[in-house]
Amino acid sequence: MMDTKDCVMVVGITGTGKSSTINLYTGCKPPQATSSGDESVQQKIEMVNDLNHPEGPPWIDNPGWLDINKADSDIFKNMLRHLQDNKIKRIKAVIWNVFGQNRVDNNLASQAKFINQFADSPIWNNVIIITRGYVDENDWGGAIQAAKNCFNG
């Protein structure tokens, strides 16, 4: 098993392509189907080793927020417990998968607050936002504004 001092955490609501993002980047397994409803395809937190970049940190996949069967706060607590159980000391980057929208809503604001809690120091310099359903440059505006609100808050 590789050194697990660092990791890349992938987060977002159900159906935004978290598992597909991990699988495409790491070469670990073929992309799986995304959720078509309110229930996550990924049912548990899983550490995925990066086969395409063996020197890189493992990636953490997890059930999506807004899952019909799990509370967001429980998913977040389970992520933190998984990091602790696997002796992960630092989140090197957060990949935040979102649906495209140009304004901040309660869901994006809540997700940004969870992300903000992943590190003692500001994590926002290491967050990459991936938009599913991108149409134009305004589609990531809501997530960017939610991140700015946390970063500046």
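This is a short tour of a predicted model, with stops at two helices that touch and at one buried residue.

Begin by selecting helix 3, residues 106-116, together with helix 4, residues 141-152, whose axes come within 9 Å and cross at roughly 45°. That angle makes helix 3 oblique to helix 4, because only angles under 35 degrees count as roughly parallel and those from 65 to 115 as roughly perpendicular. If you follow the crossing itself, helix 3 passes helix 4 in a right-handed manner. To see where the two helices touch, select Leu 108, Ala 109, Ala 112, Lys 113 and Asn 116 on helix 3, and then Gly 142, Ala 143, Ala 146, Ala 147 and Cys 150 on helix 4. Sorted by character, the residues of this contact are seven nonpolar, two polar and one charged.

Next, keep helix 3 and colour Leu 108, Gln 111, Ala 112, Phe 114 and Ile 115, which are buried. These residues lie on the same side of helix 3, because they cover an arc of only 160° around the axis. Around them, you can show strand 1 (6-12), helix 2 (72-85), strand 4 (90-99), strand 5 (127-132) and helix 4, against which the buried residues pack. On the other side of helix 3, look for Asn 106 and Lys 113, which are exposed.

Finally, move to helix 1, residues 18-26, and select Ile 22. Is Ile 22 buried or exposed? Ile 22 counts as buried, because its relative accessibility is 0%. Beyond its neighbours within four places in sequence, Ile 22 is in contact with Val 10, Gly 27, Val 48, Trp 59, Ile 60 and Asp 61. Of these partners, Val 48 is 26 residues away along the chain, yet the C-alpha atoms of Ile 22 and Val 48 are separated by 7.9 Å.

Note on methods:
Residues numbered from 1 in each chain as written. Predicted model: local features only at pLDDT ≥ 70, side-chain atom pairs only at ≥ 80, totals over all residues. Heavy atoms only, no water. Axes fitted to C-alpha atoms, helices over the stretch in contact; angles between N-to-C directions. Helix = DSSP H or I, 4+ residues; strand = E, 2+ residues; numbered from the N terminus. Parallel < 35°, antiparallel > 145°, perpendicular 65-115°, else oblique. Left-handed = near helix turned anticlockwise from the far one by under 90°. Contact = heavy atoms within 4.5 Å. Nonpolar A, V, L, I, M, F, W, Y, C, P; charged D, E, K, R; others polar. Buried < 20%, exposed > 50% of the residue type's maximum accessible area, 1.4 Å probe, protein only. Arc of directions from axis to C-beta.
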